[in-house]
Every structure is written in C-alpha cells, then in structure tokens.
Amino acid sequence: MAPPSGTLLDPRFLGRLERLQLATRRPLSGRLSGEHRSRRHGTSLDFADYREYHPGDDYRRIDYHLLARLDVLALKLFEADDDLHVRLLIDTSASMQSGGKMLQAQRLAAALGFVSLIRRDTVSVHTISAGRASRAEPRFSGRNASAALFDYLRSLEPTGTTPFVPTVADLLARPGPTGLTIVFSDLLTADWEAAINRLPARGGDVLIVHVLDAEELTPTSSGDLDLIDSETGHRVAVSLSEQTRSEYRAIVSRWLDDVALRCRSVDAGYVLVLADEDIEPLLLAKWREDGLVR
C-alpha cells in the first residue's frame, strides 16, 4: 500500500503496526519475562499509562476497574528500571539513492521505530555515510515522539561513501546498554563483512535488513554501457550480453548466500528486502512468520 504523498507510512498501516512487538533472539539487558523490560512492562508501583489489550498479553495487568466502569479492556502500564534501546543504523551513502532503496530504508526504519515507540522503548537513529556532517544522533521515546522520528527519517539524504567499520566502531564505543541494533543497508561496500563481524561484539541483538534494487539483482540493460560508481565516480566500460547477465546473476546469488551465512555465523538476523516491495504484508505476515516481529 502506497502512503499518502509526503508521508512515509499510511495512517491505516500505523494502526495495524500497533499490534506488533519487535522480537529478539537472545536475552538482553532491558528484557523481562520474555517481553521488553521497559516502562510498559515495569514492576514498580509508578503508574505510566494504559494500552489496549491484545491476545497474548499478560491478563494479570488488565485494569478490571476500568473494564467494569467503562467496558474497556486495557492494560495498566508501569515504570521499570530499564528500557530496551533500539538503534536504527541507516546507510545514507550515495549508493542508496538508486532504485528507491533510500525511501524503502526510511519506511522500514519508520515502521520498526514506531513499533518500538508505542511499546515505550527508546529509539536512536544513526547513519552510515562519510558525506554527512557530524552531529549528535537523535533519541526518541514514547508514542508522541513518532512524528519527530518520521520527520528526522524523511530528512535523511544519500550522499558520500560508506564508512561501515568506523561507524560500527563508534557505535560500540558509546556507553549504555547495547539493546537491539537494526541495520538498513545495501551492503555495497568492501568492508560489509568486517562490520557485520563486529556488530554483536557487546552482546546485543542485531538484525540486518538488506535493501536492494531489483535491477541490481537481475539487470535488464544490454549492449555496451559505461557503469559509474555512485560513491566514487569511478567509470567502468562493460558489454552486457545475455551470457554476461547470466554470469552476473550467478555471482550476485553467491554473494547473497555469503551475506546470509556471515550474518548467521555471528548470530545476527538477516532479511533481504527489495526497494519496490510492499512492506505492509512483509511486516504483518512474513516477518511475523519468520519471528522477526510478533
């Protein structure tokens, strides 16, 4: 479903996203009883908010006084000691400008960030690009911060090269709980493997969202062409025959297998998303079946 012009996500889609929760595959600091150990699921006596009851929620948290008085089935939410910190690491290098990859990364980041915010997890946004000016990464907390998150994500523009390893090193050097790191990138950089190897270094959970344009997987162009690297400007003359395209597809297939294998080897999740793919059935159906959200 395409969102209204000027927005990242359709409001009706946001309503469906409220039923979701990000899944993690390993115990994290900021986890409690298999759910996010956040203000939403606290054990202290400091009341925070209400949330609509969904099947599978802890029935012991239902406010039965509210149910009797207003016939509303809602959960009581309390403050807790810690939040799950969700870090959105977005590739904003120049290669992301082709084929709608940047917009797809922004939309996916908005969707997963929104799911985190309504569950009262803290969300921070980090970027991978040598062309971006150095500035403090913004942090967002609470449902009311979703509009500010969307605005910030919309402001991101692809430019520069991909300093993947230095960015990851900087991220790991920051204090505080590691939590869940979600990477949105086309991984079109020579150091993608070194970066992925380092990401789980502090024990946090990692998900790699590999965003590619269909043309990058199966090129439709043919004949004599000049290919230009969008990040370095390097020009390469090629002749694309059917045999060349077939060999290219085989190389890409092996590369994708290598990326998925490397992610699994360091216990990071991996999912491939095409730039023109409809993310609504992706998140609401396929990713739930795969255990990425629940």
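Helix 9 is passed by helix 3 in a right-handed crossing, and this pair is a good place to begin. The model is a predicted one, where local features need pLDDT of at least 70 and side-chain atom pairs count only at pLDDT 80 or more, while totals for chains, interfaces and linings use all residues. Residues are numbered from 1 along each chain as its sequence is written, and side-chain values use heavy atoms, with hydrogens and water left out.

**Exercise 1. Describe how helix 3 and helix 9 pack, and name the residues that make the contact.**

Step 1: find the two elements. Helix 3 covers residues 101-118 and helix 9 covers residues 279-289. Helices (H or I, at least four residues) and strands (E, at least two) are DSSP runs numbered from the N terminus.

Step 2: take the geometry. Two packed helices are described by the angle between their axes and the distance between the axes. Here the axes come within 11 Å and cross at roughly 50°. (Axes are lines fitted to C-alpha atoms, for helices over the stretch in contact, and angles run from 0 to 180 degrees between N-to-C directions.)

Step 3: name the arrangement. Helix 3 and helix 9 are therefore oblique to each other. (Under 35 degrees is roughly parallel, over 145 roughly antiparallel, 65 to 115 roughly perpendicular, and the rest oblique.) As for the right-handed crossing of helix 3 and helix 9, a crossing is right-handed if the near helix is turned clockwise from the far one by less than a right angle, and left-handed if anticlockwise.

Step 4: list the residues. Helix 3 supplies Q104, R107, L108, A111 and L112, and helix 9 supplies I279, L282, L283 and W287. (Contact means heavy atoms within 4.5 Å.)

Step 5: sort them by class. Seven are nonpolar, one is polar and one is charged. (Ala, Val, Leu, Ile, Met, Phe, Trp, Tyr, Cys and Pro count as nonpolar, Asp, Glu, Lys and Arg as charged, and the others, Gly among them, as polar.)

**Exercise 2. Follow helix 9 from its start to what comes after, noting its buried residues.**

Step 1: look at the start. A side-chain oxygen of D278 reaches to within 3.1 Å of the backbone nitrogen of E280.

Step 2: pick out the buried residues. These are I279, E280, L282, L283, L284 and W287. (Buried means under 20% relative accessible area, exposed over 50%, and partly exposed in between, with a 1.4 Å probe and protein chains only.)

Step 3: find their partners. The buried residues of helix 9 pack against helix 1 (11-17), helix 3, strand 9 (205-212) and strand 12 (269-274).

Step 4: move past the end. G291 follows helix 9 and has a positive phi, near 85°.

**Exercise 3. Now pair helix 3 with helix 4 and describe their packing.**

Step 1: read the angle and distance. Helix 4 spans residues 146-155; helix 3 packs with it at about 160°, and their axes are 10 Å apart.

Step 2: name the arrangement. The two helices, 3 and 4, are therefore roughly antiparallel to each other, and their crossing is right-handed.

Step 3: list the contact. From helix 3 come Q106, A109, A110, G113, F114 and L117, and from helix 4 come S146, L149, F150, L153 and R154. By class, seven of these residues are nonpolar, three polar and one charged.

**Exercise 4. Is L187 buried or exposed, and which loop holds this residue?**

Step 1: check the backbone. L187 is not a glycine, yet its phi is positive, about 60°.

Step 2: place the residue. L187 sits in the loop between strand 8 (180-185) and helix 6 (192-198). L187 is buried, at 1% relative accessible area.

Step 3: try D267 too. This non-glycine residue also has a positive phi, near 65°. D267 lies in the loop between helix 8 (242-265) and strand 12, and counts as partly exposed at 37% relative accessibility.

**Exercise 5. Which residues does H126 touch?**

Step 1: locate H126. It belongs to strand 6 (residues 122-128) and is buried, at 6% relative accessible area.

Step 2: collect the neighbours. Not counting residues up to four places away in sequence, H126 touches R87, L88, L89, I90, E137, L171 and R174.

Technical notes:
A polar contact is a pair of N or O atoms within 3.5 Å; within protein, one must be able to donate a hydrogen and the other to accept it, and residues adjacent in sequence count only if both atoms are side-chain atoms.
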